[in-house]
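Here is a walk through one protein and its ligand. Begin at the ligand and work outward.

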Amino acid sequence: MSRAVCPGSFDPVTNGHIDIVARASSLFDEVVVAVGVNKSKARARLFTPEERMDMLREACAKFPNVSVAGFDGLLTDFCQEHDIQAIVKGLRAVSDFDYELQMAQMNSSLTEVETVFIPTSPEYSFLASSLVKEVATFGGDVSGLVPDFVLDRLTRRLRERAEQTDS
Ligand code: PNS
């Protein structure tokens, strides 16, 4: 049984993430999408870990061999605990490569886990959750970059945040 993890913050999940998960699900018997729930970064997040996992579960429901989990601590510990042999990462551009290579080499020095890079589909090569949030904050159109149900939640959350700031 080959098992892989797609780790990330997913704040929120984008169509680029879903593309990588879909392709990983055709390469491995089982794929776990693992949401980093690092408490020190909690304040910087727009969505709670539970909200991010809920959105991922909805987005990944169409893939029968994909599940969603949260993790805190080292990714390599999560891999060992769940008998995961490979970490799957999407690579958007050369600029991603330096940091991803460093993490892949650190992770393989900690355990025998392999990192598998999947090139992002060209239509998503500019896509990042942080940019989606920034563009949406200023009223830009991000439909087509995230699933419709994520767009609804994003719009609502940004409106709530704006109301909190105004009051
Ligand atoms: O979506 P992101 O922010 O690029 O996700 C980064 C994440 C969560 C995959 C990465 O920060 C991570 O693996 N964190 C777990 C802690 C860990 O194992 N750190 C050592 C990495 S070599």
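A backbone N or O atom of Leu75 lies 2.9 Å from an oxygen atom of the ligand. Such a polar contact is a pair of N or O atoms within 3.5 Å. Ser9 makes another approach: one of its polar side-chain atoms is 2.6 Å from a ligand oxygen atom. On its own the ligand has 550 Å² of accessible area, and the protein covers 66% of it (Shrake-Rupley method, 1.4 Å probe).

The model is predicted: local features need pLDDT of at least 70, side-chain atom pairs count only at pLDDT 80 or more, and totals for chains, interfaces and linings use all residues. Numbering starts from 1 along each chain as its sequence is written, and side-chain values use heavy atoms, without hydrogens and water.

Now widen the view to the shell. Around the ligand stand Pro7, Gly8, Ser9, Phe71, Gly73, Leu74, Leu75, Met103, Met106 and Asn107, where near means a heavy atom within 4 Å. Six of the shell residues are nonpolar, four are polar and none is charged; Gly counts as polar, while Leu, Met, Phe and Pro are among those counted as nonpolar.

The ligand sits in the largest pocket. A pocket is an open set of points on a 1 Å grid over the protein atoms alone, with protein on both sides within 12 Å along at least five of seven lines. To sit there, more than half of a molecule's atoms must lie within 2 Å of the grid points. Two elements, β1 (3-8) and α4 (94-110), give two or more residues to the shell. The most come from α4, with three.

Step back to the fold. The protein has six helices and five strands, taken as DSSP runs (H or I, at least four residues; E, at least two) numbered from the N terminus. Along the sequence the pattern is β-α-β-α-β-α-β-α-β-α-α. The radius of gyration is 16 Å, which agrees with the value near 15 Å for a compact globule of 167 residues (C-alpha atoms; 2.2 Å times the number of residues to the power 0.38).

Finally, look at the loop between β1 and α1 (15-27), which holds Pro12. The peptide bond from Asp11 to Pro12 is cis, with omega near 0 degrees. Phe10 lies in this loop too. Its phi is positive, about 50 degrees, although Phe10 is not a glycine.

Notes
A polar contact is a pair of N or O atoms within 3.5 Å; within protein, one must be able to donate a hydrogen and the other to accept it, and residues adjacent in sequence count only if both atoms are side-chain atoms. On a 1 Å grid over the protein atoms alone, a cavity is a set of points where a 1.4 Å probe fits but cannot get out, and a pocket is an open set with protein on both sides within 12 Å along at least five of seven lines; lining residues have an atom within 4 Å of a point.
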